[in-house]
Amino acid sequence: MEVITGLSDGLAIALQPANLFWCFVGVVLGTLVGIMPGLGPPATIAMLLPLTFAMSPASAMIMLAGIYYGAKYGGSTTSILLNVPGESASVVTCLDGYQMARKGRAGAALGIAAIASFVAGTVGVLGLMLVAPPLAKFALAFSSPEYFALMALGLAMVVLLAGSSMLKALLATLVGLWIAGVGTDLFSATSRFTFGRMELLSGIDFVVVAIGIFALGEVLANMEAPEQAQMVPVPKGLRNLLPTLQDLKDCRFAFVNGSVIGFLVGVLPGAGSTIASFLSYGVEKAVSRRREEFGTGVPEGVAAPEGANNSETGGALVPLLTLGIPGSGTTAILLAALVLWGFKPGPLFIPENPALFWGLVASMYIGNVMLLVLNLPLVPVFAQVLRLPAYVLFPLILGVSMVGVYTVSGSLFDLGLLLGFGLLGYLMRKLDYPSAPLILGLVLGGAMERALRQSLMMSEGSLTILVARPMSAVMLLLAVLILLVPLFGKFNTWRLRALEQKGG
Amino acid sequence: MQDRTRNLGDLWSGLVLAALAIYIIAQALQWDYLTPEGPGPGFFPLWYGMAMLALSAALVVSELRRRSARGTAINWTPLGRALSTWLALAASVALLKPLGFVISFALLTYFIVAVMYRRPLKTAALVAAASSGGFFLVFQLALGVSLPVGFLGF
């Protein structure tokens, strides 16, 4: 009953003309961003964040979320037409999507991707709507030790899944924690890591770091290669973009598989849409009667990962809105956006801001319908954005980044910091340091330190408070186990190598 | 090529991070670790500083042990392109105060189009003028965002 009331209130908010407009702007921008290789949703949301300060929080959140899930729709277009994934989550779509396009079935592949995205995206929002409120109620019992343990668990999961090297992911997280610590300590008024600069007393603005790491880092990485890929022509006309009935029949399990796996993986902090899409593709292939044909252009190979990729969005918003724990770089920026607008994401977020939560949920249903309508007939139009020359696109991104940072503080010093973080973002890409853990460390660092210090104040300095409370103990134990699992894997590799050498 | 870049990069990044960790620890030791009310400002940084030192040392050691592996030369061309763009951006930021956003951004765009992408000078001038003019119209005039102003008043 509560869900129905909430949803009807949410629909009243989402259907307001201004919010419908911002939802439309968000999904169109998201689709364009998803289509363009080299510009991801975190960079776009970070760049646009300063411009949302003049908007109502509901409209701004609806637009930014639209960019987030809209990019998932657009990401498949380049995978299918160029064999270049627009987003990392669309890598798997290349396997069968591009093969379908090469066989002259680009239209059907794009159509299946759009339909799977719609079905699974809607299931993901349904899951968010049903799971988030009870989880938030459960988390109301949390105090400082549980919060600290929860953040430690979130960071532990993220660093494991964020890249190829656990060491580098952990180091990136610690750098994020350090950046979060720059400025005046709120407990003691001590200035920390300010290098004697007045500008750093209030800390480093999140927007500066996010735009530098994501937007500038991406532009610099893309500047390395001047050439652009050639795309397969997009068939014109709606009839050529609709899959056949047989295609849809073949994909019926893939729609369910993608929806369920995507949502469940999304709820886990750190897993992310890339893992969801790979997992869903793997399951689809494992249970298929024609698994040997996967990779040669089967529609299920497009439907499963595209569905999972979209359903993951709803799942990822669950820990963000109910626990204040983001699971990826994009959700970390959405978390920072909520904090900048004056909200406190966590167990009290839904009870204290029902209009914002339900408005967002309702807008996501509407946004998914908009995306289906936009993506089926208008894919050829959207694909034209790929013809925008890189020498026009990249200066524009640099310009929006500079304006975005200058808008926040009006300070040239922050633009200097932006340069530094841009270079850091590029070097991180070059040296294979994942950037999401740094952003998560930055976003969670302040709250994590606060929770730890409040816990220790409660216990008069005794660390046992962190393990004396059952929920906190379980979460910390899980965090430790997650960090230790790869070490066991490494130990096993060494053991096997030693046995081989002994045997040899 | 990429592997070689990463091997050297891992070593140097490990050393830089170790230096950062030592700085964090040295700073944290100057602040209160525990106060009568609870942990002081040095408590949290000391712990993550020590963790950073341990992890960066592990990265350096693992790289030194692997350095015997042969690698190919670093390809400086893509690195040079990216760093040239960064330097151009840095110059553009430095010029914001005397020249203002419109002119310094036009110069940056001109450099990217003409030098980095080797397009005809006419095309570069057109793209530079159109994009910086577009920014002025959209942000300064339409959205009321104040952009850095130079000696010419815009």
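Let me start with one pair of side chains, A:Arg469 and A:Glu146, which meet in a salt bridge with N and O 2.9 Å apart. This pair links distant parts of the chain, since A:Arg469 lies in the loop between helix H21 (465-468) and helix H22 (470-503) of chain A, while A:Glu146 belongs to helix H7 (residues 144-161) of chain A, 323 residues apart. The two ends of the bridge sit in unlike surroundings: A:Arg469 is partly exposed, with a relative accessible area of 26%, whereas A:Glu146 is buried, at 5%. I should say at once that this is a predicted model, and that a search of the whole structure gives 13 salt bridges over all chains.

A second bridge in chain A joins A:Asp185 to A:Arg453, with the closest N and O atoms again given as 2.9 Å apart. Here too the pair links distant parts of the chain, with A:Asp185 in the loop between strand E1 (183-184) and E2 of chain A, and A:Arg453 in helix H20 of chain A, 268 residues apart. Are these two residues buried or exposed? A:Asp185 has a relative accessible area of 3% and therefore counts as buried, and A:Arg453, with a relative accessible area of 1%, is buried as well.

The third bridge I want to show is formed by A:Arg290 and A:Asp250, whose closest N and O atoms are 3.2 Å apart. A:Arg290 is in the loop between helix H13 (272-287) and helix H14 (300-323) of chain A, and A:Asp250 is in helix H11 (residues 245-250) of chain A, so that this pair, 40 residues apart, also links distant parts of the chain. A:Arg290 counts as partly exposed at 22% relative accessibility, and A:Asp250 is likewise partly exposed, with a relative accessible area of 26%. Coming back to A:Asp185 and A:Arg453, these two are joined with A:Arg192 and A:Glu449 into one network by salt bridges that share partners.

Now to the contact between the chains. How many residues of chain A are in contact with chain B? There are 53 of them, and they touch 59 residues of chain B. The area buried between chain A and chain B is about 5200 Å², with carbon and sulfur atoms giving 81% of that area. Between these two chains the count is 1 salt bridge, and the side chains that meet in a salt bridge are those of B:Asp10 and A:Lys168, at 2.7 Å from N to O. The rule also finds 7 residue pairs in polar contact across this interface.

On the side of chain A that touches chain B, the elements that give two or more residues include helix H8 (166-181), strand E2 (191-192), helix H9 (206-223) and helix H20 (435-458) of chain A. The largest share of that side, 13 residues, comes from H18(A). By class, the side of chain A that touches chain B has 37 nonpolar, 8 polar and 8 charged residues.

Finally, the cysteines, where the search of the whole structure finds 0 disulfides over all chains. For A:Cys94, which is in no disulfide, the nearest cysteine sulfur is that of A:Cys251, 17 Å away. A:Cys94 is buried, with a relative accessible area of 8%, and A:Cys23 is buried too, at 1%.

How values were computed: Residues numbered from 1 in each chain as written. Chains lettered and ligands numbered in written order. Predicted model: local features only at pLDDT ≥ 70, side-chain atom pairs only at ≥ 80, totals over all residues. Heavy atoms only, no water. Disulfide = S-S within 2.5 Å. Buried < 20%, exposed > 50% of the residue type's maximum accessible area, 1.4 Å probe, protein only. Contact = heavy atoms within 4.5 Å. Buried area = accessible area lost by both parts, 1.4 Å probe. Salt bridge = Lys/Arg side-chain N within 4 Å of Asp/Glu carboxyl O. Polar contact = N/O pair within 3.5 Å; in protein donor to acceptor, adjacent residues only side chain to side chain. Helix = DSSP H or I, 4+ residues; strand = E, 2+ residues; numbered from the N terminus. Nonpolar A, V, L, I, M, F, W, Y, C, P; charged D, E, K, R; others polar.
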